[in-house]
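Welcome to this short tour. Open your viewer, keep the selection tool handy, and let us walk through the sites one by one.

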Amino acid sequence: MARSGVTLFWRRLVSVLGWVRRPEFLVFLPAITLAGFWTGGERVLLLLSIGLPLLFALTGSELRRPAEGGEDGSMTERAIRMMDQALAVVGETGRNTACLIVQFDDLERLLAHHGRAAQAEVIARSADRIRGVLRVGDHVVHLHGGTIALALTPVRRLDLESMVQLGARLQAAVAEPVSLGGAHVYITCSVGFCIGGRAPQFSGRALLDAAQAAADEALRCGPCGLRAWSPDLSRQREAQIALRDGLEAAIERGEIIPFFQPQISTDTGELSGFEALARWNHPERGIVPPSEFLPAVEDCDLSDRLGEAMLQQSLAALAEWDRAGLRVPSVSVNFSASELRNPHLPERIRWELDRMELKPQRLTIEILETVIAAAENDVVASNIAQLAAMGCGVDLDDFGTGHASILTIRRFVVRRLKIDRSFVTRVDQDREQQRMVSAILSLAERLGLDTLAEGVETAGEHAILSQLGCGHVQGFGLARPMPMEEASQWISRHNARTERIPRIGLRGI
Ligand code: C2E
Ligand code: CA
Ligand code: CA
């Protein structure tokens, strides 16, 4: 009880001194000293001149605020030094220390909504709150990109339970709203930690690395993730790093390639476009489907790189078809949620189109309905609006599975609904399926949107979809996704076929 009273006193003192060190206060220091002398005489003057420096000296390390945005390397070195010092005490006294890493969840969203200055302010204020939760002597260091490292002063009782409690207290402190320009901003954090001596080696660097590995895992499982380091985690991390390196190299080496699946107009029977679908042309495993590598691409933050590679190769294929005199009206490229959150996306796409001398109308952006339905993010909306204004088509992928509201469809300037395969399967035999597809088609018609049914596997499904008035079809029944050269041959064969079929009466075959 008495100990917690002392701790409370220190914390108050520290917070008062934190204020006292501000430039606003320092400007008034001479006036305050003078006022003290007038009201209290020499004794107050003496108290101020000895007391203040003494307090600074006693709590100096507590108040030493790390340089915001300091050079990453030097801040990491500083954190390592602090952990080394703490570990030295552990060796001598039998006390224990720990390193905690705090990482903010979804800093990107904060940046997109409020801008960089606000993001920095929220991080700084959260760091202040974190300091408020810690004991005197604990150290706080700002690392890269908003990451905060905490080096705990060695204490007698430090176990997993007390660390979990501390982690939870840190998260609660950060979760309190931050008031910014009259608005409340909410942010959460994930925390990883490693208790001194449990790291793979007895060194500051090993302790910091272990806490960072735990924090990365916490962030991955977040928001508000909390993880202790364990040897398993290290193995997982190594595997993750190997996978990331492998994937990154695969993208660089051009092993991720688009396969193209045709989309056909039910009106004319002509090719209306190709969807580009990612494949990993693995040197040992052969063609690997996206289900086996896309989750890892997301986890390793490589979505932008993969997206860039897919866009470049898809547009290059389109330019190549143009040169060969093969008419391909457009190519559809899938964009993930994280790519759509990148504010530079429209600029990048425009640049790629210009480079290939292609009109924006030749590119269709495929966005999952789930992404649009969940996007309260203004950047996503603004990106899609810019791309639509440029002339790119916007297709709502897997439509019927994501609960996008009509208002959202309007807001995101969607041009075409891609009816999900789950509604298309056996649509020719199942009345319930037909009712669902009819409902989607009439909604699209009322909203003035085009339609495409995906996953069309049989001639029966194709025929009924044409009769019901679906604009385009795509699926194994027409062709499977194929490499570019094969797609070129397919176009020639398809063109030869459609030229033989009379144009009138195709709808409703
Ligand atoms: P999706 O965009 O819905 O693509 C359609 C998927 O259905 C493709 O699988 C395609 O091969 C498959 N498919 C097409 N016709 C039929 C059919 O008649 N029957 C059946 N059973 N399946 C059919 P794939 O290529 O394995 O792609 C799976 C998912 O991976 C895609 O679903 C898309 O969400 C994602 N994806 C693929 N390429 C990319 C990419 O470049 N970027 C991003 N962000 N996602 C991609
Ligand atoms: Ca798609
Ligand atoms: Ca789809």
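A word on classes before the first stop: Ala, Val, Leu, Ile, Met, Phe, Trp, Tyr, Cys and Pro count as nonpolar, Asp, Glu, Lys and Arg as charged, and the others, Gly among them, as polar. What you see is a predicted model, where local features need pLDDT of at least 70 and side-chain atom pairs count only at pLDDT 80 or more, while totals for chains, interfaces and linings use all residues. Residues are numbered from 1 along each chain as its sequence is written, chains are lettered from A and ligands numbered from 1 in the order in which they are written, and side-chain values use heavy atoms, with hydrogens and water left out.

**Stop 1: ligand 1**

Select ligand 1 and the residues near it (those with a heavy atom within 4 Å). Of the 21 residues in this shell, Ala278, Arg279, Asp397, Glu457 and Phe476 come nearest. Sorted by class, the shell has nine nonpolar, five polar and seven charged residues.

Now look for polar contacts (pairs of N or O atoms within 3.5 Å). Show the side chain of Arg279: one of its polar atoms is 2.8 Å from an oxygen atom of ligand 1. Asn334 also offers a polar side-chain atom, 3.2 Å from an oxygen atom of the ligand. At Phe476, turn on the backbone, where an N or O atom lies 2.8 Å from a ligand oxygen.

Next, colour by helices (H or I, at least four residues) and strands (E, at least two), which are DSSP runs numbered from the N terminus. Strand E9 (271-282) gives the largest share of the shell, four residues.

**Stop 2: the calcium ion (ligand 2)**

Which residues coordinate the calcium ion (ligand 2)? Select Glu275 (OE), Asn334 (OD1), Glu366 (OE) and Asp397 (OD), at 2.1 to 2.3 Å. Donors here are N, O and S atoms within 2.8 Å of the metal (3.2 Å for Na, K and Ca); water is not among the atoms, so sites may look incomplete. Glu275 lies in strand E9 and Asn334 in strand E11 (residues 331-334), so this pair ties together parts that are 59 residues apart in sequence.

**Stop 3: the calcium ion (ligand 3)**

Move on to the calcium ion (ligand 3), whose protein donors are Asp397 (OD), Asp398 (OD) and Glu454 (OE) twice, lying 2.2 to 2.5 Å from the ion. Asp397 coordinates both calcium ions, ligand 3 and ligand 2, which are 4.1 Å apart. Asp397 lies in strand E13 and Glu454 in strand E15 (residues 450-454), so the pair ties together parts that are 57 residues apart in sequence.

Conventions:
Polar contact = N/O pair within 3.5 Å; in protein donor to acceptor, adjacent residues only side chain to side chain.
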